[in-house]
Every structure is written in C-alpha cells, then in structure tokens.
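Hello,

Here is the structure I promised to pass on to you. Have a look at it first, and then read on for my notes.

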Amino acid sequence: MAEPGPPVTINELIQLTNVGIPQDQITWSRVTLTSDRWIAIRHGKKEEGSKCMVTVLSLKDGSVAYAGQTSADSVLMNPTKPIIALKAEQRFEIFNVETKLMLTKTKIHDPVCYWTWLTSDLIAIVTDSAVYHWNLFKTKDSQPEKVFLRHARLTFCEITSYKADSSLRWFAITGLAPEDDKISGITQLYNIDEDITQCIACHAVCFDIYKFAGNTTPSTVFCVGSRESFDYGKVHVIELGPYQMGNFAPRNTYDQIHFEQDKEHYDFPVALHVSCEYGLVFVLTKYGYLYLCDMETSTVLCSMKVSLDIIFTSTLNTETQGFIGVTRSGQVLAVDIKKETLINYVRDTAKKQNQANRLERAIVMINEPGTSSQLS
C-alpha cells in the first residue's frame, strides 16, 4: 500500500514581488502580519528627509486596501479594523485608512524594542526596561501605561514576540540570542494577578482558550516550542490557572520534537498557532518545517517541509483553521489541513489510534450544522 501524501495543502495567495515589493525588502521589520485579514509592507528606500511607501494588501483577494507614504520605521494593521498604526522611533500615530484621519498619537521616552497589537483596541510596547499597554480608546487622550518590568535575562536578546491571553492576565515576552553555534530563546512569563515573573528556556509561545475532553469549562492554555540539545526539542501544552470548578486537574503535557539534521542551518521553532476546532498545535520552524501536534496530549502527529525558504511571520487562518505565512522570497502561503488524509495518516502511519479518533470526532462536529465547533 502506497504511503499517503502530506496531510496539508499549500497554496500561494500572493507573490509580493509581483505587486512591486523588492525582494531585498521582504524582511521581518518591513512586512507585518497581525491577523489573517491584511498584510502591511513598508518599502522603498528611505533617504534623508524622504518618505517610504506603505502598501496594505487584503489577504482574501490580494487587492490593495491602502497605499500611501510615511516617514515611519514600522507599520502594523489593526487585526480587525481598518486602522493602521505607525511608529517613528518613539512616536506613534494611529490612522483610519478609510477616512485618512488621525485617531490618536503618543510618544514613549525610552527606545522601543518591539511593539504589537494585543487586541483591536490595545497596543503593547516593549522597551529596554519595561512593557507598556496603550488602550487607544479608553479615554480621549489615553496614554501608554507601564504594566511590568522586563527580566534581566532578556537584556542581550532580540525581542521577537509579545503575547497575551484573552483575559489579559498572562503575558509572555520572547527573545532570541546567538550562543556559540546555536540560537537560544528565553521567554518571560508574567501573571498580573500575582505580579509574578518566571523565565522559561524556549523559542516560541502562544496562548489560547481550549476545552479539554471531559472538562465542563474551557481553560487558558500556554503552548511552548523549544529546541534543546542536539537535534531535539519539545512542544509543551500547559493549562494555566485559575482552576475551573468541574474540570479535571490542570494538565501539563509535552512531547519531543526531532529536528532534521542540517549542517548549514540551525533550525528552531519561530511560531505556534492553535486550531481549537481541530484540537491541533501548529509548530512552525524558521526553515519551513511544520510539526502538527495534538492539543490533548502534546503528541507530535506528523512533520513535513512546507516551505523551501525562511518563513519569518505567520498567523492562524481563522476561516480554514490552517495558517498563513510569509517567506523571504515573497510568497504569502496558505497551509491548510487535508482532513481525511490527516486522520488516515495518524491512524495508519503514525499508529496513534486515540488521536485519530479524536480528530475524526472533531471534524464531524465542525461539519454538522448547529453543533458547537469546540471539542468536548
């Protein structure tokens, strides 16, 4: 019997070089993907006193949602609203792209290391020493407020992500640093209720809400991807507090990831995305490998190469429950699950009967009209 093919489909949504973006400007600092609605690109050479171009593309059809000029050094589209945020060193300005009107602005006194939209109303700003949250529409002249201090272990790291859970009680800053012949990762996990910080050795994290089998109430989960010694790493799924009455004891599961041997590249996780509908964790690595993991047990179900090039930014595709990623060559890729192929692969090739049965139940529930998409 022939081996089944990869349990995913890979489609190119947009080629950025075909819409006028120079290939050498398709980088992490210039191309941003804050949701599956838009991709924002800052391009064109910025000379002294001149401006760059900003192009915002709709990921649905590749059309230009906005085009203009700016002196900003970074641009981020709002995850859900036609609002663009511009940063020029320590100055921030927020515009409505449809009306071209400025909504608000502010300035941070310390150098900014990283910034992102946490929600449609909230921007997070990470400086050398602290994390600030700017609730844009809390008041007319709302200003950023300090939330917590950065840990000293992040001092020599490049900050690559800042995540929060949906209740805004748990936060995680991740930084990377070169160390000998590898890249080390550190994440500072902070809980605002207890004002407690913990540092974890890992490369990528995410939060989500998930209802484990047998539980009566969904809970907050913290997913962690790391590369450790030699060619191995871990995917870790941790159920965070507070404890929900009627649920089982909080879960803490992990499985080992085996990285492909590559003498030229040191590969490591760069992003994790959770498909709550399928109960899957997508662990994506810098050099284009995807590890599909089971949310319930952290078990690695399968792995495959999904890109020949570096994938430097990605986001969950909420419509298909796959993910969208951008490569250094300018491809905007949609990677989606082939449902039946995945079930058969997990059952027949990976020999993981329980996980295959759970996936099959989840897919049946998703496809039945009127049923909840959350696995129970």
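Which residues form one aromatic cluster? They are F148, Y162, F171 and Y190. Before I go further, please keep in mind that this is a predicted model.

Aromatic rings

The aromatic pairs in the structure number 12. A good one to open in your viewer is F92 with W115: the ring centres are 5.4 Å apart and the planes stand at 70°, so this pair is edge-to-face. F92 belongs to strand β8 (residues 91-96) and W115 to strand β10 (residues 112-117), so the pair ties together parts that are 23 residues apart in sequence. F92 has a relative accessible area of 1% and is therefore buried, the cut-off being under 20%. W115 counts as buried too, at 7% relative accessibility.

Y266 and F268 make up an aromatic pair with another geometry: 6.3 Å from centre to centre and 35° between the planes, which is tilted. Y266 has a relative accessible area of 19%, and because buried means under 20%, this residue is still classed as buried. F268 is buried as well, with a value of 4%.

A buried threonine

Next, please turn to T327, which sits in strand β27 (residues 322-327). Is T327 buried or exposed? With a relative accessible area of 0%, T327 is buried. The side chain of T327 has a polar contact with the side chain of S329, at 2.9 Å. Leaving aside residues up to four places away in sequence, T327 touches I26, S307, D309, I310, I311, F312 and L333.

The cavity and a cis peptide bond

How many cavities of 30 Å³ or more are there? The count comes to 1. About 30 Å³ of space lies in the largest cavity. The residues that line this cavity are S219, E239, L240, P242, Y243, Q244, N247 and P250. By type, the lining divides into 4 nonpolar residues, 3 polar and 1 charged.

One of the lining residues, P242, deserves a second look. The peptide bond that leads from G241 to P242 is cis, with omega near 0°. P242 is placed in the loop between β20 (232-239) and β21 (252-258). As background, most peptide bonds are trans.

Two residues with positive phi

The backbone holds something else for you to check. Most residues other than glycine have a negative phi. E89, which is not a glycine, has a positive phi near 60°. Where is E89 placed? E89 lies in the loop between β7 (83-88) and β8. This is the β8 that also carries F92. E89 counts as exposed at 58% relative accessibility, because exposed means over 50%.

D180 is also not a glycine, and its phi is positive at about 55°. You will find D180 in the loop between β15 (170-179) and β16 (182-191). At 80% relative accessibility, D180 counts as exposed.

If you have time for a short tour, I would begin with the cluster of F148, Y162, F171 and Y190, go on to the edge-to-face pair of F92 and W115, and finish at P242 with its cis peptide bond from G241.

Do write back with any thoughts once you have looked through it.

Best wishes

Methods:
Residues numbered from 1 in each chain as written. Heavy atoms only, no water. 1 Å grid on protein atoms, 1.4 Å probe; cavity = no way out; pocket = protein on both sides within 12 Å on 5 of 7 lines; lining within 4 Å. Points joined across faces, edges and corners; volume = space filled by probe spheres on them. Nonpolar A, V, L, I, M, F, W, Y, C, P; charged D, E, K, R; others polar. Helix = DSSP H or I, 4+ residues; strand = E, 2+ residues; numbered from the N terminus. Buried < 20%, exposed > 50% of the residue type's maximum accessible area, 1.4 Å probe, protein only. Polar contact = N/O pair within 3.5 Å; in protein donor to acceptor, adjacent residues only side chain to side chain. Contact = heavy atoms within 4.5 Å. Phe/Tyr/Trp six-rings, centres within 6.5 Å; stacked < 30°, edge-to-face > 60°.
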